[in-house]
Amino acid sequence: MNSDLKQKTVKGVMWSLVQRFGVMIISFCANLVLARLLTPDDYGVVGMLLIFISISNTFVDGGFGTALIQKKKPTQEDYSTIFFWNIAISVILTGILYFSSPFISEFYRLPLLADVLKVMGTVLIINAFSAVQTNVLQKNLEFKKLATINIIANAAASILAIVLALNGFGVWSLVLRYLSCSMVVSVILWITTKWKPTLTFKLESFKTLGKFGIMVLLANLVETIYTEFQGLVIGKVFSAKTLGYYTQAKRLEEIPTSGISAAVNQASFPLYAQLQNDKNALRSAVRKYIRALSYLVIPLYFILIIIAESLINILFTEKWNASVNLFRILCFIGMIYPLNTVNTNVIKSLGKGKLYFNLQLWKRVFGIILILLSVRYGLYAMMWALVITAYAIFIVNALFSDKMIGYNWIRQIKDVLIPFAICILLVCIVYPFSLLRIHTYCIAAIQAIAFALGYLTILKITKVNVVKDIVSQIKLFMSK
């Protein structure tokens, strides 16, 4: 790896972290205000429609963008071809959503959904205009520009949403926040990015990128359907209010994942693609990443489980108390999710599009079957079925990492089980503090501090150095 690429690698990881944490902090702060101004029903209405928006959005650059990044040297014709494909498919899908909105509204028995979906659907076209520009920046590891743009867009959209909510716009505050964020990103990218499309659509480029891109697209589609299917079932079987509680719990649970693992993943996929011909280096990098994430993310989620009730009461007020147990269950998924992403990134970086799709398909079919079988026994039964699915998927992913790069699946499970076992032990130790006759918030603080100190002490005694793993992985990239 030459010196210029070395600098881009380090800066890429750092600016990706800045973007993720910046957007996370802005969204989190805005949500604190909006949760007090809006109702669970408002969040539920938007949550009901996200499955349709998310599935449609997956088609817009769902797999071809990944193919552009994975390809060693994409041409101007490649980029332009995918740009016009994105525009065409977004217009078609927006039309489908518009004309199907009355039927979707009838499905949920909420008349308001039809108008909301007609407006929200336009985000597909907005995103299509900026998808390739984003791919170009990612390909060139220009994460500073992406970070700046996304932070500005989220800040502007959040301010707009709060102003609208204060003036009684209700659910439309969330809708316009969603749209305005995408609009600002698209406008700034067009102004600041050097790449512009040419009037070219080359069938050969489409076919070449499609060999890998279609498989990734289908795999992403399966993943999106599975993720959003949960909300669809909750909204249909239970109520918009219940879905609102679930949506708030899930949004809070995803903060650590978005802030830590997603940041490194955004920068690591292009780099793993560069390591695809050196299996030893790739295996070493992946193991260090798995270990580092395990020792960082798992204890963080256990602390969140411990303080869940106090956390939600402080952040969103007591009207969101029904989200507490949902949040706790989702935390068990959150602590394994980034590890699953690492393993699937390995398959994508090696260009195994068909394998990636088949693997995602069967894993998600299994998950959907469990959801349908469990929902009849209630909401919590369905939630625990999601947990079982996430951990079963981790084992399957570990098996394929073993096959692809030689990272022994039993060794990988052991790498994850060690911090997990430490956390279970510490939970047993700090639980008796809940019997103290003091304010609930004080108990939560004492438990969290005791857990953190105990965890750091155990790491010190066992001489586990997570920071060293992260630094050694960066050095590994630098040496290539």
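Let us start at Glu 254, which counts as partly exposed at 32% relative accessibility. The model we are walking through is a predicted one, and this glutamate is a handy place to enter it. The side chain of Glu 254 meets that of Lys 250 in a salt bridge, at 3.5 Å from N to O. Both residues belong to helix 11, which covers residues 240–274. They sit four residues apart there, about one turn of the helix.

How many salt bridges are there by this rule? The count comes to three, so let us visit the other two, taking each with its surroundings.

Look next for Arg 287 and Asp 415, whose side chains meet in a salt bridge with an N to O distance of 2.9 Å. Arg 287 is in helix 12 (residues 279–306) and Asp 415 is in helix 18 (residues 409–430), so this pair ties together parts that are 128 residues apart in sequence. As for cover, Arg 287 is partly exposed, at a relative accessible area of 22%, whereas Asp 415 is buried, at 5%. The cut-off for buried is under 20% relative accessible area, and that is why Arg 287 at 22% is called partly exposed.

The remaining bridge joins the side chains of Glu 77 and Lys 202, at 3.2 Å from N to O. Here Glu 77 comes from helix 4 (residues 76–108), while Lys 202 comes from the loop between helix 9 (171–192) and helix 10 (203–237), so the contact ties together parts 125 residues apart in sequence. Glu 77 is partly exposed at 34% relative accessibility, and Lys 202 is partly exposed too, with a relative accessible area of 35%.

Now turn to helix 15, residues 337–349. Its 13 residues reach 18 Å from the first C-alpha to the last, close to the 18 Å expected at 1.5 Å a residue. Is this helix mostly covered or mostly open? Helix 15 is mostly covered, with 12 of its 13 residues buried. Among the buried ones are the nonpolar-looking names you might search for, including Leu 339, Val 342, Val 346 and Ile 347. The buried list also includes Asn 340, Asn 343, Asn 345 and Lys 348. Just after helix 15, Gly 351 takes a positive phi of about 75 degrees.

Follow the chain on to helix 16 (residues 353–374), where you will find Ile 369. Ile 369 is partly exposed, with a relative accessible area of 43%. Together with Trp 362, Val 365 and Leu 373, Ile 369 forms a nonpolar patch on the surface, and the four have about 410 Å² of accessible area together.

For a buried site, go to Ser 158 in helix 8 (residues 143–166). At 4% relative accessibility, Ser 158 counts as buried. Which residues does Ser 158 contact, leaving aside its neighbours within four places in sequence? They are Ile 26, Ala 30 and Arg 177.

We can end with the cysteines. A search of the whole structure finds zero disulfides. Of the cysteines you can look up, Cys 29 is partly exposed, with a relative accessible area of 41%, while Cys 181 counts as buried at 15% relative accessibility.

How values were computed:
Residues numbered from 1 in each chain as written. Predicted model: local features only at pLDDT ≥ 70, side-chain atom pairs only at ≥ 80, totals over all residues. Heavy atoms only, no water. Disulfide = S-S within 2.5 Å. Buried < 20%, exposed > 50% of the residue type's maximum accessible area, 1.4 Å probe, protein only. Patch = residues over 30% accessible without salt bridge, like charges linked within 9 Å, V, L, I, M, F, W, Y side chains within 5 Å. Areas by Shrake-Rupley, 256 points an atom, 1.4 Å probe, with all protein chains shown as cover. Helix = DSSP H or I, 4+ residues; strand = E, 2+ residues; numbered from the N terminus. Expected span 1.5 Å × (residues − 1). Contact = heavy atoms within 4.5 Å.
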